[in-house]
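I am opening a fresh page for this structure. These are my notes on what I looked up, in the order I went through it.

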Amino acid sequence: MAIDLNVEWQQVWRTAPDTLSGRFLRRFWHPVYRSQDLAAGRAVPLQILGERFTLYRGEGGAAHIVAFRCAHRGTQLSTGWVEGDCLRCLYHGWKYDHTGQCVEQPGEDEGFAGKVRIRSYPAEEYLGLVFAYFGEGAPPPLTHHPDFEGPGILDLETPELWPCNFFNRVDNACDIGHVAFTHAVALQRGRTSTGEDPRFARVRQFSSCETDYGIETTITFPDREPEYFHYHMPIANQNSEGASLHRGGVDTSGARNKRISWRVPVDDDNTVSFSVNLFQLTEEEYEAYRERRRVTDAIDLPAIGEDILAGRIREAELDEGVPRPALFSVEDYVTQIGQGPVAPRENDRLGKIDQGVIMLRKIWERELKALAEGRPLKEWTAKI
Ligand code: FES
Ligand SMILES: [Fe+2]
């Protein structure tokens with residue numbers, strides 16, 4: 001099957017199991033929940049890649065993922081009871097172990113339970129997140145991120161749900177050209193005006209190259225150290241030490257913060273972001289950050305974005321009640337949701353500033369094409 005992103009863009013953004021991109025994405029582990037939000041003995045419904053699942057934490061503390069519905073008469077298993085490492089259905093009490101094997105059926109003959117099994121999926125916890133593997137067969141090892149395993153404070157942001165396809169968010173990860181314009185207000189706020197229009201004042205040179213893990217983009221400045229951005233196949237982006245933008249709301253120099261975000265498809269029109277920071281802060285500084293973050297978390301940033309998109313307000317009219325770091329999120333929301341839930345990318349007119357975006361799309365095209373034709377795919381490794 002030939003893939004040409006100019007005419008078959010849907011093969012990239014569709015994520016259901018029977019689609020090309022859906023098959024590709026299911027070859028990777030994805031974060032699906034924050035560990036801290038899942039208490040022992042608790043079950044919750046999940047929607048990832050357009051499919052629904054049940055996530056629960058056994059009383060012993062291990063996280064498990066099984067099918068969304070009970071095999072008996074299909075009710076939602078997350079409403080049932082966690083018993084030890086098993087899950088009992090609310091409707092008629094069938095009980096499943098963490099492999100999905102039915103182990104008890106009140107009122108039924110012995111022997112029936114052994115014939116009933118629902119699907120289960122590998123789950124592992126890492127960097128404060130529950131990762132899951134939804135592909136067929138044995139999973140590859142979970143990709144580790146040594147940049148986030150060092151000393152410091154590991155901080156998990158509140159997951160962020162945006163009403164757009166995951167590729168709106170992934171595309172932006174390699175798009176350095178947007179920064180001066182999209183983030184003009186946030187970048188300017190709190191700075192004394194030099195009389196120059198900051199959107200055009202900064203000389204930014206950047207270049208992208210394919211790496212073992214994805215794409216590294218280097219931005220150089222005439223007057224300071226370069227900044228690096230890392231895109232990890234297939235849905236994560238990371239700023240490295242030195243980067244000063246998208247700091248997750250921390251008002252310290254970027255050199256003291258690393259941040260990685262996964263843009264996980266919920267379905268084809270919605271994406272949830274899980275962001276992890278590794279801070280080099282004192283306890284007092286971290287507490288002050290948490291306080292600022294509580295303020296930011298209490299604001300409905302997507303609602304502000306929607307007001308801007310609807311023309312009810314301009315971003316420059318927002319007062320200081322929206323803290324500066326939160327503006328970065330509003331600004332990205334406006335441009336990425338402003339593209340439409342699923343952007344018709346075949347209409348894009350890409351130019352020189354889009355070199356990272358072009359590289360990203362070429363990689364996706366190459367890999368999807370290999371998958372469609374049954375050829376080997378690139379073995380992506382961790383960034384070390
Ligand atoms: S639907 Fe689950 S036990 Fe009947
Ligand atoms: Fe941005």
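**A proline in a loop**

I began with Pro-234, which sits in the loop between strand 16 (227-232) and strand 17. I note for all that follows that this is a predicted model. I then checked the peptide bond from Met-233 to Pro-234. It is cis, with omega near -5°. Most peptide bonds are trans, and I marked the entry for that reason.

**Following the chain onward**

Next I looked up Ile-235. Ile-235 belongs to the loop between strand 16 and strand 17 as well. Is Ile-235 buried or exposed? Its relative accessible area is 1%, and under 20% counts as buried, so Ile-235 is buried.

I then asked what separation there is between the C-alpha atoms of Ile-235 and Val-170. I found 6.0 Å, for two residues that are 65 apart along the chain.

Ala-236 came after that. I placed Ala-236 in strand 17 (residues 236-239). Its relative accessible area is 3%, so I wrote Ala-236 down as buried. I tried Val-170 again from here. The C-alpha atoms of Ala-236 and Val-170 are 7.4 Å apart, with their positions 66 residues apart along the chain.

**Positive phi angles**

I turned to the backbone angles. Most residues other than glycine have a negative phi. Which way does phi go at Leu-49, positive or negative? I read a positive phi of about 55° for Leu-49, which is not a glycine. Leu-49 lies in the loop between strand 2 (43-48) and strand 3 (51-57). I looked up its accessibility too: Leu-49 has a relative accessible area of 0%, so it is buried.

Leu-127 went on the page next. Its phi is near 55°, again positive in a residue other than glycine. I located Leu-127 in the loop between strand 10 (123-126) and strand 11 (129-133). With a relative accessible area of 9%, Leu-127 is buried.

**One more loop leucine**

I also looked at Leu-38. Leu-38 is in the loop between strand 1 and strand 2. I noted a relative accessible area of 3%, so Leu-38 is buried. Gly-61 is 23 residues away from Leu-38 along the chain, and their C-alpha atoms are separated by 9.6 Å.

**The iron ion**

Which residues supply the protein donors of the iron ion (ligand 2)? I listed His-178 (NE2), His-183 (NE2) and Asp-332, the last giving two OD entries. The donors lie 2.1 to 2.7 Å from the ion. In sequence I wrote the spacing of the donor residues as H-x4-H-x148-D. I found both His-178 and His-183 buried.

Then I went through the angles. Among the 4 donor atoms they run from 53 to 153°. A tetrahedral site needs all angles between 85 and 135 degrees, and a square planar one needs opposite donors over 155 degrees apart, so the site of the iron ion (ligand 2) is irregular.

**The second largest pocket**

My last stop was the second largest pocket. I noted about 550 Å³ of space in it. How many residues line it? I have 26, with Arg-27, Phe-28, Pro-140, Thr-143 and Trp-380 nearest its centre. The lining is made of 17 nonpolar, 5 polar and 4 charged residues.

I asked which element gives the most to this lining. Strand 1 (residues 29-34) does, with 3 residues. Domain 1 (29-133) and domain 2 (146-373) each supply at least three residues to the lining.

Notes. Residues are numbered from 1 along each chain as its sequence is written. Chains are lettered from A and ligands numbered from 1 in the order in which they are written. This is a predicted model: local features need pLDDT of at least 70, side-chain atom pairs count only at pLDDT 80 or more; totals for chains, interfaces and linings use all residues. Side-chain values use heavy atoms; hydrogens and water are left out. Donors are N, O and S atoms within 2.8 Å of the metal (3.2 Å for Na, K and Ca); water is not among the atoms, so sites may look incomplete. Four donors count as tetrahedral if all angles lie between 85 and 135 degrees; four count as square planar and six as octahedral if opposite donors are over 155 degrees apart and all others between 65 and 115; anything else is irregular. Buried means under 20% relative accessible area, exposed over 50%, partly exposed in between (1.4 Å probe, protein chains only). On a 1 Å grid over the protein atoms alone, a cavity is a set of points where a 1.4 Å probe fits but cannot get out, and a pocket is an open set with protein on both sides within 12 Å along at least five of seven lines; lining residues have an atom within 4 Å of a point. Grid points are joined across faces, edges and corners, and a volume is the space filled by probe spheres set on the points. Helices (H or I, at least four residues) and strands (E, at least two) are DSSP runs, numbered from the N terminus. Ala, Val, Leu, Ile, Met, Phe, Trp, Tyr, Cys and Pro count as nonpolar, Asp, Glu, Lys and Arg as charged, and the others, Gly among them, as polar. Domain bounds come from an automatic or database domain assignment.
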